Amino acid sequence: MTNEERKDKYMNRNIKLCPIYLGLSYELIFIWTISTMYFTTQKGLSMSQTILLDSIRMFAGCFLCIPIERLFKKITPIKSSMIGNLFYILFLIICIYGKNFFSFAVAQIFLAIGYVICAIKNNLILSQTLESVHRDKDFNKISGKGLSLHYIIDSIGAIIATYVFTYNPDLCLWLSVFVISFSEMVGLLLKEPSKFQNKNIELNEKMQSDSSQLTFQDTKKNKADSYVKILMSSFLVFMLVYMFFFRGANAVISSGFKMYLQQAIDFGRLPIWMFGYIYALFRIVSAFSSKYQFKFDLKFGVRSLLIFNTILILGFVVSGTIYLFTPFSVVGFIGIIISNYLLATLRSPNEIFINNYMQVCIAPKNIEKAYSIRTMVEYLGYACWNSIYSLLVEMFSDNYGWTSITFVSLISLPIIISLILFVRALVKKHAQKYTIIKDEYVND
């Protein structure tokens, strides 16, 4: 079998397996539905402490991004991702046997390490696979399929978790361990795009022959730029600023929604089993938005980001206002659920949109470092704004309405300004890369 035939065989298999692998390992399954109840009722934490744990994870992830990128630079993406999964399992084990806030904070640091590794390397698994068979344009579609599968599995897990929680809360975490272990087995079936090519003798001889002819300038040209030089790109800087605010806003959507549903349970307005079904539908909405985001992108282009952020701001305002007037009436209950379902449609399409344009507008040699910088900034935004949200929860005595309205009033203006700057830079960069301007037009 020739090298080309092996490449087609293994990479096409990767393309089929990537959505499954990403769907299983994108985030933990079974626990996020019941995480707030788990830490408050089983481990004795307050509501604000539970939200603060998310901030600890994201602050840790922010500070660890660059060290982890350097540490795992020479480790292939698939192996790195599988190591990241092991940190997920370590987090779950500590949560099961932990007794106090400090132990859970340490667990969050291990989870942050796993998230950082997977955030940097999972996208590389897919992008390198597609590049090897010249299917780069399918990145949005296949990435969306993987996220869609994740949210569908997570929605099923949400329903199961609420039933299992009433029987044995720790069993939810053990089920999550099982899912991650299964994703590790799927990872063993994936092939590194570079690894199998190196097994071809003729190809190796040709590479060695070509490498002997490389000049110092060629080697320097192919070497990744420094972090400082990468950050001199206005496109990347404005993208990072935008993601700091957007990811920060998205950080509290799920936490706030679960807080509202738990309050409904505490006041006897909602049975615990219904919690699972409502939150499951919340994840299914995310699944559909992930799967079909590429059609939205084709129709609206960069205007998609404007639509996303308009929905984001209105969603917080509407749900917060409804809570202040009719928090647990039938009309208020439905209104808040619908508002949060709309908010659930935003994160994945925006993330896939950004991933796609990073592939387009950033040099391949710098893409891994760019991912690490972006992950660091996103985690910083998540941690900062989630901390602010937890302080607002404490300040307003767990009042979901005042917390949501105050939060969106603080973040609206920064996110709008950063969005405008990013869209301008994106259009300019994308046009420069893909638009051919004739000399006569320039002279004219």
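**Exercise 1. Find how α4 passes α7, and work out how the two helices are oriented.**

Step 1: α4 passes α7 in a left-handed crossing (left-handed if the near helix is turned anticlockwise from the far one by less than a right angle, right-handed if clockwise). Helices here are DSSP runs of H or I with at least four residues, numbered from the N terminus.

Step 2: Helix α4 covers residues 77-97 and helix α7 residues 169-187; they pack at an angle of about 170 degrees, with their axes 10 Å apart. Axes are lines fitted to C-alpha atoms over the stretch in contact, and angles run from 0 to 180 degrees between N-to-C directions.

Step 3: Angles under 35 degrees count as roughly parallel, over 145 as roughly antiparallel, 65 to 115 as roughly perpendicular and the rest as oblique. Therefore α4 and α7 are roughly antiparallel to each other.

Before you go on: this is a predicted model, in which local features need pLDDT of at least 70 and side-chain atom pairs pLDDT 80 or more, while totals for chains, interfaces and linings use all residues. Residues are numbered from 1 along each chain as its sequence is written, and side-chain values use heavy atoms, leaving out hydrogens and water.

**Exercise 2. Trace the salt bridges of glutamate 378.**

Step 1: Recall that side chains of opposite charge can pair when their charged atoms come close. A salt bridge here is a side-chain nitrogen of Lys or Arg within 4 Å of a carboxyl oxygen of Asp or Glu, and the structure holds 2 of them.

Step 2: Arginine 247 pairs with glutamate 378, with the closest N and O atoms 3.8 Å apart. Arginine 247 lies in helix α12 and glutamate 378 in helix α18, so this pair ties together parts that are 131 residues apart in sequence.

Step 3: Arginine 374 also forms a salt bridge with glutamate 378, and here the closest N and O atoms are 2.4 Å apart. These two sit 4 residues apart in helix α18, separated by about one helical turn. Shared partners join Arg247, Arg374 and Glu378 into one network.

**Exercise 3. Decide whether phenylalanine 30 and serine 397 are buried or exposed.**

Step 1: Buried means under 20% relative accessible area, exposed over 50%, partly exposed in between (1.4 Å probe, protein chains only).

Step 2: Phenylalanine 30, in the loop between α1 and α2, has a relative accessible area of 10%, so it is buried. Its phi is positive, about 85 degrees, although it is not a glycine.

Step 3: Serine 397, in the loop between α18 and α19, is exposed at 60% relative accessibility. Serine 397 has a positive phi of about 55 degrees.
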